[in-house]
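Trainee: Could you take a close look at one part of this model with me? I would like to follow a single contact and see what surrounds it.

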Amino acid sequence: PPAPPGGRLPDGWSEKLILSADASIFTGLAFRGTVLYYGTSTGELRAYDWKKQKTLWTLDLGGTVHSTPLYGCGVVIAGSIGNEIAGVDADTGNVLWKLPARAPVINDGLIHDGFLYMGLGKGEFCKIDVKTGRKIWSWTGVQGIFQAQPAVAGGRVVFGAWDRHLYCLDAGTGELLWKWNNGSGSLFFSPGHVVHRIAGGKVFIVAPDRAVTCLDLATGRQLWRDNSRKARETTGLGDGRQFYYKTMDGELAAVDTSADAYRETWCTDLGWGYEYNSCPACVRDGVVYVAGRLGQVAAVREDGTLLWSVKCCNSAGNDFRQAPDGSLWITFAEGKLFRIP
């Protein structure tokens, strides 16, 4: 049975502190079996077997790690503020390849169908061979810094930058198909730290401009835009029927992705008050999980029912990741990793 709003998790459930690191953590996690990979404020990429409670290896990346590690084809990939992306042997921590970047890499990448899609810090976006680090294609039409993870669907890759624009490239060739901006001249309103969600041939975003925007994936045409709530950066998508976003008033809202205009299906108050944490939402088994700026995690059923809200610690949540065993994990800035059954 669900706990009352603001209460603890249901009986038989427990948010479990798995690791309290000796440094801050600003990344999410990558998984390979029971081994997880994360970055630290002291500049290390670490491999940790959570079953054995043992650090397997560490690699010095030369400065605070902001780029969430990715795992694929036996390789762990992470960006560095030393202006490079590294591909590392997942078993040993040995560097397999390095790719120079144009600026410190604080952004996340995405592995899709065996290829890495990732911005090289600033100005250049690439499709990269995961095993070798070889660029399949490179597009250099970006003026700003990258931060959030891109999205890939329908043969297209969509990403934003801190240069006011959202871009869409052909995933096969790297050709620019369209770009969009919200009409504001302010870089602070850029979709630079937004995980874009794609459903039904539409792209959904929320940015610091406090609006929800829906674009046509094929053309980039703006289909609708709504600022009735103070939307900001947190996004989520489950089976594609509803797009989720968090507001600065501590609410989670759901939008019907099939509608031709903004159609809100529900809005649930999380009880957190003022909220600006950009941790992406995660949907698992019909439940939306969100994290706050003060260590909170809440679970909301996809019909809008608040199941529970729990305070894990005192810092901002970075990102959720689902492990191979189906469990849900989240990291917090104060260096803590929690597992939710």
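Trainee: Which residue forms a salt bridge with Arg339, and how many Å apart are the closest N and O atoms?

Mentor: Happy to. Please keep in mind that this is a predicted model. The partner is Asp325, and the closest N and O atoms of the salt bridge with Arg339 are 2.9 Å apart. The two residues are 14 positions apart and link distant parts of the chain: Asp325 belongs to the loop between β30 (317-322) and β31, while Arg339 sits in strand β32. As for solvent, Asp325 is partly exposed, with a relative accessible area of 46%. Arg339 also counts as partly exposed, at 22% relative accessibility. That value can be read against the cut-off, because buried means under 20% relative accessible area.

Now to the strands around this contact. β32 covers residues 336-340 and is joined by four bridges to strand β1 (residues 16-20), the two running antiparallel. Arg339 has a role in this pairing as well, being the bridge partner of Lys16. β32 also pairs with strand β31 (residues 328-332), again in the antiparallel sense, over five bridges. Here Thr331 has Leu337 of β32 as its bridge partner. β31 and β32 form a hairpin with three residues between the strands, and in this hairpin Gly335 takes a positive phi near 95 degrees.

It helps to set this contact beside others of its kind. The structure holds 18 salt bridges. One of them joins the side chains of Lys135 and Glu124, at 2.8 Å from N to O. This pair, too, links distant parts of the chain, eleven residues apart: Lys135 is in strand β13, and Glu124 is in the loop between β11 and β12 (125-129). Lys135 is partly exposed at 33% relative accessibility, whereas Glu124 is buried, with a relative accessible area of 7%.

Another salt bridge brings together the side chains of Glu251 and Arg229, at 3.6 Å from N to O. Glu251 lies in strand β24 (residues 251-256) and Arg229 in the loop between β21 (222-226) and β22 (231-237), so the pair ties together parts that are 22 residues apart in sequence. Glu251 is buried, with a relative accessible area of 16%, and Arg229 is partly exposed, with 26%. There is also a network to look for on your screen: salt bridges that share partners join Asp22, Glu44 and Arg46.

Let me finish with the sheet that holds Lys135, since you may want to compare it with the strands around Arg339. Lys135 is in strand β13, and this strand belongs to an open sheet of four strands, in the order β10-β11-β12-β13, with antiparallel pairing. β10 (110-112) and β13 (135-139) stand at the edges with a single partner strand each, so one side of each has no neighbour in the sheet. On average, neighbouring strands of this sheet are turned by 20 degrees against each other, direction ignored. At the β10 edge, three bridges join β10 to strand β11 (residues 115-119), and the two run antiparallel. In this pairing, His112 stands opposite Phe115 of β11.

Note on methods
Residues are numbered from 1 along each chain as its sequence is written. This is a predicted model: local features need pLDDT of at least 70, side-chain atom pairs count only at pLDDT 80 or more; totals for chains, interfaces and linings use all residues. Side-chain values use heavy atoms; hydrogens and water are left out. Two strands pair if DSSP finds at least two bridges between them. Axes are lines fitted to C-alpha atoms, for helices over the stretch in contact, and angles run from 0 to 180 degrees between N-to-C directions. A salt bridge is a side-chain nitrogen of Lys or Arg within 4 Å of a carboxyl oxygen of Asp or Glu. Buried means under 20% relative accessible area, exposed over 50%, partly exposed in between (1.4 Å probe, protein chains only).
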